[in-house]
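Thank you all for coming. I would like to walk you through one structure this morning, beginning at the surface and then moving to the salt bridges and the cavities.

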Amino acid sequence: MANVLKTIRTGDDYIESLRGRDLKIYLFGELVKEPVDHPMIRPSINAVAETYDLAVREEELASANSSLTGLKVNRFLHIAESAQDLVLQNKMQRKLGQNTGTCFQRCVGMDALNSLHSTTFEIDEKHGTDYHKRFLEFVKMVQKENLVIGGAMTDPKGDRSKGPAEQDDPDLFTRIVDKDEKGIYVSGAKAHQTGCINSHWIILMPTVRLTENDKDWAIVGAIPADAKGVTYIYGRQSCDTRSMEEGDIDDGNAKYGGQEALIILDRVFIPWEKVFMNGEYEFASMLIERFTCYHRRSYVCKTGLGDVLIGAAATIADYNGVPKVSHIKDKIIEMTHLNETIFAAGLASSHQGHKMKSGVYLNDDMLAQVCKHNVTRFPYEISRLAQDIAGGLVVTLPSEKDFRHPEAGPLLKKYLAGRKGVDIENRMRILRLIENMTLGRNAVGYLTESMHGAGSPQAQRIQIQRQMQVGYKKNLAKHLAGITNDVEEPREPSEYFKRVFKTKESVL
Ligand SMILES: Cc1cc2nc3c(=O)[nH]c(=O)nc-3n(C[C@H](O)[C@H](O)[C@H](O)COP(=O)(O)OP(=O)(O)OC[C@H]3O[C@@H](n4cnc5c(N)ncnc54)[C@H](O)[C@@H]3O)c2cc1C
Ligand code: SF4
């Protein structure tokens, strides 16, 4: 790895650590020379840099004491040692959402590390392998060097009705293609990869439940982002080229943005010490379920973005002269209610965290599903209300260049006036921010990522259905109704209800 400093501390250290890595990145049909200096990529790097700066400014919130290394480490690299650690992850995520108004990209890696802690432990328990030890060495290294980890789970998947081994092209799921005494070689691709170009290491994981036929696809391993054989093809975002224009108003949020790319892997080498699963196909679903359990409540990040959008809606109402109108106030209340409903479920899921056999804490699965399912809907409604309050100008506003033009500018200043005393440029800026979050670059993070990231809505409904225990609930009803001769299975409460009524610490 070219430029990684011994210990990265600040956002600036982090940005420097990304320079000179010679990554192969395609964007607009050309290879990017230095992503750090690319105006379209830089906002996404700034968002990750804020995760470092927050840890410096608010140490208690964004860092943690690691018993693995004995160091104070960035919370994104910490293995949760208590339910409180999980709760603090959520609080940090909301704060970073507020500070950046976008996806700050580090949670996938955090959730991959935490889910691998228990999964590698349990694979070893069954197979006598030493994945957990290797994994802990990896965690120690990234904690000491304070690195960014990307979590690469989603494969391109081809025909969704078929598993990896059934596809016409076996590369549609990432797989092992060769091995020798030093390690393994993997080929394939990973789609929609958040912050991958801004990462130092990427952890590859399977994305679907696997069968014995899919053994070659049952691979977990860590690769440096600049490993030989890796190609990135940058994902376009709505209105992305505005960051390459003069001025900063039309960006809406000029400093911060998200990042996704398609990663192509061509015989990428992973040394044995960085391989954490190799053929144990029956553990793929355990890893996926635990990862998505963590990750679906990580989506409280969107409540930080929601706070920004609520603030933007209230500001534009003020600039337009209608802050006290009853339906506007009511809409702001509704937006807040929806936003806090997301937070409530995520935070409750973390509070209900329990200790796994490996020692890591895992949050409650049912409440994590509910949190993410709310996220697939509520940001859309919050955005609808923000656009309602903003008025049509949010999509018909002329450009900053016109605003600065000697002839068009004064005309705009005259006809874009709102409430007396409001600076017209401020009015434009807040409208552009609403556009950015509901239609533009950061709508990727606020809306469509809310829909599909950590799994599309149906994935949560399946998990909710699996845990909802209708039989047990029917028994509750029948008991109160006096029905004694018609009892349903299961009679006992599920793991979910055990956690609901748990009064003491125990390993579930
Ligand atoms: C902005 C963004 C960032 C992301 N970041 C990451 C990341 O960092 N790391 C990562 O690993 N992944 C990431 N993802 C991927 C995310 O997890 C997937 O988008 C999600 O799992 C859905 O997969 P898909 O996009 O291939 O959609 P599809 O699988 O094509 O789904 C489309 C629709 O088809 C349905 N569907 C698909 N297959 C089936 C089936 N077999 N049976 C029934 N219905 C089906 C789905 O429910 C959905 O409604 C990100 C996604 C987005 C949008
Ligand atoms: S979508 Fe949210 S949870 Fe996922 S990486 Fe981005 S900020 Fe973190």
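Let me begin with a nonpolar surface patch of about 320 Å², which is made by Tyr26, Leu31, Ile233 and Leu262. By patch I mean residues with over 30% relative accessible area and no salt bridge, where like charges are joined within 9 Å and nonpolar side chains (Val, Leu, Ile, Met, Phe, Trp, Tyr) within 5 Å, and the areas come from the Shrake-Rupley method with a 1.4 Å probe, only the protein chains shown counting as cover for residues. Ile233 has its place in strand 10, residues 230-234, and with a relative accessible area of 37% it is partly exposed; here buried means under 20%, exposed over 50%, and partly exposed in between, with a 1.4 Å probe and protein chains only. Helices (H or I, at least four residues) and strands (E, at least two) are DSSP runs numbered from the N terminus.

I should say early that this is a predicted model, in which local features need pLDDT of at least 70 and side-chain atom pairs count only at pLDDT 80 or more, while totals for chains, interfaces and linings use all residues. Residues are numbered from 1 along each chain as its sequence is written, chains are lettered from A and ligands numbered from 1 in the order in which they are written, and side-chain values use heavy atoms, with hydrogens and water left out.

Now to the salt bridges, each being a side-chain nitrogen of Lys or Arg within 4 Å of a carboxyl oxygen of Asp or Glu. How many does a search of the whole structure find? The search finds 38. One of them joins the side chains of Arg209 and Glu289, at 3.3 Å from N to O, and this pair links distant parts of the chain, with Arg209 in the loop between strand 8 (201-204) and strand 9 (219-224) and Glu289 in helix 7 (residues 284-298), 80 residues apart. Arg209 counts as exposed at 55% relative accessibility, whereas Glu289, at 26%, counts as partly exposed.

Helix 15 takes part in further pairs. Glu435 and Arg242 meet in a salt bridge at 2.8 Å, N to O, which connects helix 15 with the loop between strand 10 and strand 11 (260-271) across 193 residues; Glu435 is buried, at 9% relative accessible area. Arg432 pairs with Asp250, their closest N and O atoms being 3.1 Å apart, and because Arg432 lies in helix 15 and Asp250 in the loop between strand 10 and strand 11, the pair ties together parts 182 residues apart in sequence. Arg432 counts as buried at 4%, and Asp250 is buried too, at 10%. There is also a network of salt bridges that links Asp248, Glu400, Arg404, Glu425 and Arg429.

Finally, the interior. A cavity is a set of points, on a 1 Å grid over the protein atoms alone, where a 1.4 Å probe fits but cannot get out, and its lining residues have an atom within 4 Å of a point. Two cavities of 30 Å³ or more are found, and the largest has a volume of about 100 Å³, a volume being the space filled by probe spheres set on the points, which are joined across faces, edges and corners. Of its 16 lining residues, Cys239, Asp250, Asp251, Asn436 and Arg441 are the closest to its centre, and helix 15 (residues 424-438) gives the most to this lining, with three residues.

Note on methods
1 Å grid on protein atoms, 1.4 Å probe; cavity = no way out; pocket = protein on both sides within 12 Å on 5 of 7 lines; lining within 4 Å.
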